Each structure stands twice: as C-alpha cells, then as structure tokens.
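Colleague: Please take a close look at one part of this model and describe it step by step, with the cut-offs behind each term. I would like one connected account rather than a list.

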Amino acid sequence: MEESPSYTVIQLPEKGRFEVHADNQVAVLELMNLADKVVFTHTEVPLALEGKGIGSMLAKAGLEFAKAEKKAVVPLCPFVAGYIRRHPEYQELVLDGYYY
C-alpha cells in the first residue's frame, strides 16, 4: 500500500489567502477578510495536484478560520460553495440571504 503525502495549509493574511505547497506547485484559496465576513473569491489547484484533496483542505481551512473568527461567509468561489453544500456543518456560516 502506497503512503499518501501529508500537506500543510499555510495562512497568509497579508496576501489574503491560504496556500498548500506540494511538488514545487502552489494551490491557493483567495479571500477577502472583512470586518464582519469572509468572502471566498477563488480556489486554484494546479493540474498536477488535482485529485489529492488539496482543494478540500483549503476550503476547510478557510471555513474553520471564518468560524473561529465568528464571521459570516460569502462563498463567491464555486469550489467553496460546493464544499459547503457537501458539508452541512458549514451551512450555518453562510451570510443570510446568500445562495450557495
């Protein structure tokens, strides 16, 4: 059985993003951290890293950050919106009136 590598999500508040570095590639979740909400704008996982769960790791890290900060979430990024649909424990974070 092949062992899967472990990845670390890095938060870079000064850049407004979370990153995962793997195989000389960088996957990112971009966001706007506002006073009362976190707006997730874009997730990008390089083709070489797809299918390894890295996008989901980024989405979860971003949502956990918003939860810890007690901020509402606006998932403009389709990947994050899909993650929320598949993980109902994060649905309560979505800003009232926003469809995901």
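Modeller: In strand 3, Ala-27 is the residue that stands opposite Val-20, and six bridges join strand 2 (residues 17–22) to strand 3 (residues 25–33), the two running antiparallel. Strands here are DSSP runs of E with at least two residues, helices are runs of H or I with at least four, both numbered from the N terminus, and two strands pair if DSSP finds at least two bridges between them. The model is predicted, so local features need pLDDT of at least 70 and side-chain atom pairs count only at pLDDT 80 or more, whereas totals for chains, interfaces and linings use all residues. Residues are numbered from 1 along each chain as its sequence is written, and side-chain values use heavy atoms, with hydrogens and water left out.

Between strand 2 and strand 3, the loop holds Asp-23, which has a positive phi of about 50° although it is not a glycine. Most residues other than glycine have a negative phi. With a relative accessible area of 55%, Asp-23 is exposed (exposed means over 50%, buried under 20% and partly exposed in between, with a 1.4 Å probe and protein chains only).

Phe-18, by contrast, belongs to strand 2 and is buried, its relative accessible area being 4%. Among the residues that Phe-18 touches, leaving aside those up to four places away in sequence, are Val-9, Ile-10, Ala-27, Leu-29, Leu-58, Gly-62 and Phe-65, where contact means heavy atoms within 4.5 Å. Phe-18 and Gly-62 are 44 residues apart in sequence, yet 7.2 Å apart in space from C-alpha to C-alpha.

Strand 2 and strand 3 belong to an open sheet of five strands, ordered 1-2-3-4-5, with mixed pairing. Strand 1 (9–12) and strand 5 stand at its edges with a single partner strand each, so one side of each is left without a neighbour in the sheet. From one strand to the next, the twist averages 25°. Helix 2 (residues 78–86) packs on the sheet, where it touches strand 3, strand 4 and strand 5, and its direction makes about 120° with that of strand 5; axes are lines fitted to C-alpha atoms, for helices over the stretch in contact, and angles run from 0 to 180 degrees between N-to-C directions.

At the edge formed by strand 5, four bridges join that strand to strand 4 (residues 37–44), and the two run parallel, with Val-39 standing opposite Val-74 in strand 5. From strand 4 the chain crosses through helix 1 (residues 54–68) to strand 5, and this β-α-β crossover is right-handed, meaning that, with the strands pointing away from the viewer, the path from the first strand over the helix to the second runs clockwise. Along strand 5 (residues 72–75), Ala-72 and Val-74 point one way and Val-73 and Pro-75 the other way, and all are buried.

Helix 1 also meets helix 2, as their axes come within 10 Å and cross at roughly 80°. That makes helix 1 roughly perpendicular to helix 2 (65 to 115 degrees, while angles under 35 count as roughly parallel, over 145 as roughly antiparallel and the rest as oblique). The residues making this contact include Ala-59 and Leu-63 of helix 1 and Phe-79 and Tyr-83 of helix 2.
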